[in-house]
Amino acid sequence: MTIFLFVSDTMSTIFEAITILRKVFDKYAGKEGDPKTLTKKEVTELLKEQLGEAPSSKAEMDDFFNLLDDDGDGVVDFNEYVVLCASLAMMMAP
């Protein structure tokens, strides 16, 4: 029973985290087109509003966006966005 409660509590926390990630993604996605992806402009806005900063030059933003856009389709989908969030979390971890 204790193991089940631990797994249940852990999964609940994971689902809450994913829900928050999804809400933030959905807030910015689709302002310029497809609501299932983020454009470079939408990523820039997300970074500025959520982190307080974004790459300062167009060249830096282009490089950053190309790193996020793993499949090279010109937009960032939810899976690519989650990789960004996980990377940021690992960089900020003590």
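**Close-ups of two pockets and a core**

**View 1. The second largest pocket, a mostly nonpolar spot.** Sort the residues lining the second largest pocket by type and you get 11 nonpolar, one polar and no charged. This is a predicted model, and the volume of this pocket comes out at about 200 Å³. Its lining is made of Ile20, Leu21, Val24, Leu46, Leu47, Gln50, Leu51, Tyr81, Leu84, Cys85, Leu88 and Ala89. Two or more of these residues come from each of α1 (2-28), α2 and α4. The top contributor is α4, which puts in five residues.

**View 2. The largest pocket, with some charge in its lining.** Here the volume is about 280 Å³. The lining counts 15 residues, and Leu47, Phe64, Leu84, Leu88 and Met91 are the ones nearest the pocket centre. By type, the lining splits into 12 nonpolar, one polar and two charged residues. Look for α2 (40-51), α3 (58-68) and α4 (78-92) around this pocket, since each of them supplies at least two lining residues. Once again α4 is worth a look: seven residues, the largest share of this lining, belong to it. Leu47, Leu84 and Leu88 appear here among the residues nearest the centre, and they also turn up in the lining of the second largest pocket.

**View 3. The largest nonpolar core.** In soluble globular proteins, nonpolar side chains tend to be buried together. In this model the largest nonpolar core holds 17 residues, and Phe25, Leu38, Val43, Leu46, Leu47, Val76 and Tyr81 have the most contacts inside it. Two or more core residues come from each of α1, α2, α3 and α4. The largest share is from α4, with five residues. Leu46, Leu47 and Tyr81 are on that most-contacts list, and you can also find them lining the second largest pocket.

**View 4. Zooming in on Val43.** Which residues does Val43 touch once its neighbours within four places in sequence are left aside? The list is Leu38, Met61, Phe64, Phe65, Leu68 and Val76. Of these partners, Leu38 and Val76 are, like Val43, among the core residues with the most contacts. Phe64, another partner, is one of the residues nearest the centre of the largest pocket.

**View 5. The annotated EF-hand span.** An unreviewed UniProt entry carries the annotation "domain: EF-hand" for residues 56-91. In the model this span is 69% helix and 6% strand, and its end C-alpha atoms sit 20 Å apart.

Definitions and conventions. Residues numbered from 1 in each chain as written. Predicted model: local features only at pLDDT ≥ 70, side-chain atom pairs only at ≥ 80, totals over all residues. Heavy atoms only, no water. UniProt positions renumbered as here; feature names shortened; annotations may be inferred. Helix = DSSP H or I, 4+ residues; strand = E, 2+ residues; numbered from the N terminus. 1 Å grid on protein atoms, 1.4 Å probe; cavity = no way out; pocket = protein on both sides within 12 Å on 5 of 7 lines; lining within 4 Å. Points joined across faces, edges and corners; volume = space filled by probe spheres on them. Nonpolar A, V, L, I, M, F, W, Y, C, P; charged D, E, K, R; others polar. Core = buried A, V, L, I, M, F, W, Y, C linked by side-chain atoms within 4.5 Å. Buried < 20%, exposed > 50% of the residue type's maximum accessible area, 1.4 Å probe, protein only. Contact = heavy atoms within 4.5 Å.
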